[in-house]
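Biologist: Got a minute to go through this one with me? Please put the model up.

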Amino acid sequence: MTDPKIPVTEDELHAYVDNELPAERRGDVEAWLATYPDDAERVRAWREMADALHARYDHVADEAVPKRLELERLVQRPRKWLYGAVAAALAAFMCGGSIGWVARGVTATPSAMESLTTDALDAHRLYVVEVRHPVEVPGSERDHLQTWLTKRCGWEVRAPKLDASGLKLVGGRLLPGPAGPASFFMYESASGERYTLYASRSKSGSAQMRYTAAENSGAMYWSEDAVSYVLSGPMDKEKLHKVARQVYDQNDKGG
């Protein structure tokens, strides 16, 4: 008698399906399958797959080897084609590898605009949580703030008026940028939501407005006249875009 409690391995199940299981073990496997329906279902699926493969490819296995592929003919054939094939394979490998490494470098190194946006988001997250010292110069000194930042940054810096979006200027500060000083303004809504505008010199020329998000903060970024701008705030893309358009329009009219 067979004991269905004797453990059956997966290798034995495969051997059972392939009819390669020793006869003395076959009864044990069948008793196991009668007791464990999950394994029985696996065996049934394997058999169906094997039958499908046999039906699809058995006729190919029975075909005679074409004359051109007979071993004797391959050995006698001039080996010029072999050297060409090896050279072609090596060239493809070298070319493919080079392209792969170039692509790796491109994707591994962030663009100047991406780096600047990352810096702006870092500054945003650092200062929006400040209660007593979120800025160096308060918004009540807008004229002084703009004059000071313009002198330090090297281009005409303006603090946009965003009252139409319900945002009041908290103030600003001077920050380091990737290619020199950067201006940084902070705005706040009546509900306490804070937005920041970071601007710095950039070599990216002009770039269309785009959106990104990281760590529960969103940002719209663009560049114009060799200056890049990043408006950061909550992750509400539509509202960020609306505020960013106000910033862009005021800079355009004032430029």
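Biologist: What is the bridge partner of A219 in β7?
Modeller: S232. Keep in mind that this is a predicted model.

Biologist: Is S232 buried or exposed?
Modeller: Buried, because its relative accessibility is 0% and the cut-off for buried is under 20%.

Biologist: What is S232 in contact with, leaving aside neighbours within four places in sequence?
Modeller: A219 is on that list, along with G218. The others are A120, L121, H124, R194, Y195, T196 and L240.

Biologist: Back to the strands. How many bridges join β6 to β7?
Modeller: Seven. The two run antiparallel, and β7 spans residues 227-233.

Biologist: And the turn there, which residue has a positive phi?
Modeller: D225, at about 55 degrees. This hairpin has two residues between β6 and β7.

Biologist: Other side now. How many bridges join β5 to β6?
Modeller: Six bridges, again with the strands antiparallel. β5 covers residues 207-214.

Biologist: Which residue in β6 does R210 stand opposite?
Modeller: Y221.

Biologist: What about the hairpin of β5 and β6, which residue takes a positive phi?
Modeller: E215, near 50 degrees. Two residues sit between the strands there.

Biologist: So β6 pairs with β5 and with β7. How many of the eight residues of β6 are buried?
Modeller: Seven, so by the under-20% cut-off the strand at residues 217-224 is mostly covered.

Note on methods:
Residues are numbered from 1 along each chain as its sequence is written. This is a predicted model: local features need pLDDT of at least 70, side-chain atom pairs count only at pLDDT 80 or more; totals for chains, interfaces and linings use all residues. Side-chain values use heavy atoms; hydrogens and water are left out. Buried means under 20% relative accessible area, exposed over 50%, partly exposed in between (1.4 Å probe, protein chains only). Helices (H or I, at least four residues) and strands (E, at least two) are DSSP runs, numbered from the N terminus. Two strands pair if DSSP finds at least two bridges between them. Contact means heavy atoms within 4.5 Å.
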